[in-house]
Amino acid sequence: MKRILDLTLGIVTSIGGFLEAGSIITAVQAGAVFGYKLLWTIALGTLGLMLLVEQSGRLAAVTGRTVGDALRERFGIRFFIIPLVTGLLVSFLVLASEIGGVALALQMATGIGFQWWAMPVAFAGWFLLWKGNFGIVEKGTSLLGLVTIVFVVAALKLHPDWGRVGASLLPTAPDHDGPRYWYLAVSIIGASISPYLYMFYSSGAVEDGWGVNDLSTNKATAVLGMSFGGILSAAVLIIAALVFLPRGIQVDRYEQAGLLLPPVLGHTGFVLFLASLGIACFGATTEITLAMAYLLAQGLGWDWSENARPKQNARFSLTYTVTILLAGVVMAVGIDPLKLTNFSMMLTAASLPVTVIPMFVLMNDEALVGEHRNRWFSNAALGALSIVTIIVLVSAVPLQILGGS
Amino acid sequence: MPNGGDRSPRTKRRRWVGWIALPLLIACGGNDPAAQIQRAGSWAATTRELAIERQVRGIGRAYTSDMLDAGQREVQKIARSLKPSDLPETLQARVPAAVGRLDSVIASTRSAVRRGDAVALGAAAADANALGDTLRALRAALGGK
């Protein structure tokens with residue numbers, strides 16, 4: 001019974017914690033300009049995330065090590081510096097944009113500029129990390145994040161053409177605005193497969209003391225949780241395709257996304273949009289902050305645990321304190337949240353090979369994972385994903401220049 | 001060597017500069033008149049939607065006012081970036097006039113929101129809708145989609 005409850009909670013929290021600032025706005029932008037056409041990128045990103053989450057969870061359950069630990073031990077500190085620095089830099093920008101997402105939700109509710117909300121939001125996130133434990137941070141915000149199911153309800157109410165939705169799951173070439181199309185495709189992949197997600201997941205598995213008995217829970221959480229999460233992202237894109245595209249609304253500012261639900265659900269839709277944006281971004285804020293502190297502590301061999309009191313892991317606690325407050329400062333100076341979010345999603349996509357390709361080596365290392373190493377299917381899928389990430393890396397800079405304006 | 005085979009450091013440097021400058025030059029195309037008219041059209045549609053949703057109390061007053069302020073700033077930026085010399089002669093007067101009209105429609109929508117005047121909001125939505133059609137036609141005349 002307890003196992004079924006754990007499994008259900010794992011899946012539910014994966015759904016509630018799936019959406020964040022980047023996945024919401026990239027889906028809205030894509031639907032507003034290209035209709036359903038970019039749904040395939042959400043499917044691809046979700047499959048990639050599913051794969052990486054399952055493998056990082058399996059690594060943690062079998063070895064008791066996080067992805068960060070395993071990377072450092074297997075490749076040495078000289079190599080580990082690359083994913084460490086890249087991961088910290090990219091995650092910091094994503095963190096700032098998530099704080100921006102919460103601050104924007106508050107601005108849209110109150111009319112007080114998002115800059116004024118940035119530091120209070122950062123402080124609230126820090127307070128939760130300081131006083132709470134891993135369960136509260138992970139499950140508390142993710143359960144509240146179930147409010148994002150409103151996007152699925154709204155998408156169903158709009159009665160999309162399911163035939164066209166299904167056809168859009170296969171890649172197609174754009175019929176206009178090619179650079180913008182590919183820019184958004186790469187941004188959606190970056191928003192879906194953020195390295196912080198599987199770094200956080202593997203650290204969480206170690207925090208929760210997973211063992212080989214938890215492998216089935218891990219697989220079910222990865223497959224079902226991420227699939228339902230991907231459906232949420234797809235629902236956002238479908239709503240934008242049916243509400244914004246016919247009206248000719250393109251997204252120049254993040255706040256325009258506030259018009260997504262009112263035509264379908266009235267004032268309740270507006271309130272639920274603000275709640276969804278605020279809660280989803282707040283959940284992501286605390287998770288990214290923790291993921292960054294985990295990565296640095298694991299890389300430098302410090303003690304780390306969100307379940308211990310802050311003074312027992314002073315350097316770990318100091319890291320998340322400084323990180324979240326600095327990210328708050330970035331938003332408090334008034335950087336455009338939409339530009340920062342788009343830029344950070346593109347950078348996230350470009351950074352993927354740094355963690356995805358080494359996973360290939362880790363998950364085939366018999367000395368590390370023994371009989372639980374990858375089979376041919378996982379290797380083929382991870383190999384294909386590695387190729388996609390390399391293509392994304394090569395195309396990221398030109399696309400940022402050509403399609404990011 | 002006069003043709004093709006020149007590989008002097010200066011030539012290599014020029015090629016590098018060329019490769020770096022090319023995407024930047026293409027990127028400047030994002031400010032072309034067609035793209036700017038399309039952006040203006042998007043703000044006309046946003047204004048229309050804001051007016052309609054505010055009229056039925058589907059969205060908050062603070063949010064509506066903020067969005068209209070932001071829209072007005074964007075439209076004024078578009079108006080400044082549009083140079084008549086970049087437009088065909090037949091559109092040199094019509095495009096700036098349409099963008100200027102959008103600026104004043106946004107201002108009147110904002111005023112209606114402040115007064116809580118539902119009738120004026122309905123009129124503003126109709127004005128914004130008509131302007132959206134005009135901007136779409138101008139974009140098409142410029143060779144856009």
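This briefing covers confidence, the interface between two chains, the make-up of chain B and one surface patch on chain A.

The model is predicted, so that local features need pLDDT of at least 70 and side-chain atom pairs count only at pLDDT 80 or more, while totals for chains, interfaces and linings use all residues; side-chain values use heavy atoms, with hydrogens and water left out. Residues are numbered from 1 along each chain as its sequence is written, and chains are lettered from A and ligands numbered from 1 in the order in which they are written. For the complex, the predictor gives an ipTM of 0.87 and a pTM of 0.91.

**Confidence**

- Chain A has an average pLDDT (the predictor's confidence in each residue, from 0 to 100) of 91, and 98% of its residues score at least 70.
- Among the elements of chain A (helices, H or I, of at least four residues and strands, E, of at least two, taken as DSSP runs and numbered from the N terminus), the lowest mean pLDDT, 70, belongs to helix α1 (residues 2–16) and the highest, 97, to helix α8 (residues 150–157).
- For chain B the mean pLDDT is 84, with 77% of the residues reaching 70 or more.
- Residues 1–5 of chain B stay under 50 in pLDDT and have 2 contacts (heavy atoms within 4.5 Å) beyond four places in sequence; the pLDDT is also below 50 over residues 21–29 of chain B, a stretch with 6 contacts beyond near neighbours in sequence.

**Interface between chain B and chain A**

- In the model, 28 residues of chain B are in contact with 23 residues of chain A.
- The buried area (the accessible area, 1.4 Å probe, that two parts lose on being put together, summed over both) is about 2100 Å² between chain B and chain A, and carbon and sulfur atoms give 60% of this area.
- Between the two chains, 3 salt bridges (a side-chain nitrogen of Lys or Arg within 4 Å of a carboxyl oxygen of Asp or Glu) are counted.
- E74(B) forms a salt bridge with R253(A), in which the closest N and O atoms are 3.7 Å apart.

**Make-up of chain B**

- Chain B contains 5 helices and 0 strands, and its elements run α-α-α-α-α from the N terminus on.
- Of the contacts in chain B with a separation of 6 or more, 73% join residues 24 or more positions apart.

**Helix α14 of chain A**

- V329(A) lies in helix α14 (residues 314–332) of chain A.
- V329(A) counts as partly exposed (between buried, under 20% relative accessible area, and exposed, over 50%, with a 1.4 Å probe and protein chains only) because its relative accessibility is 39%.
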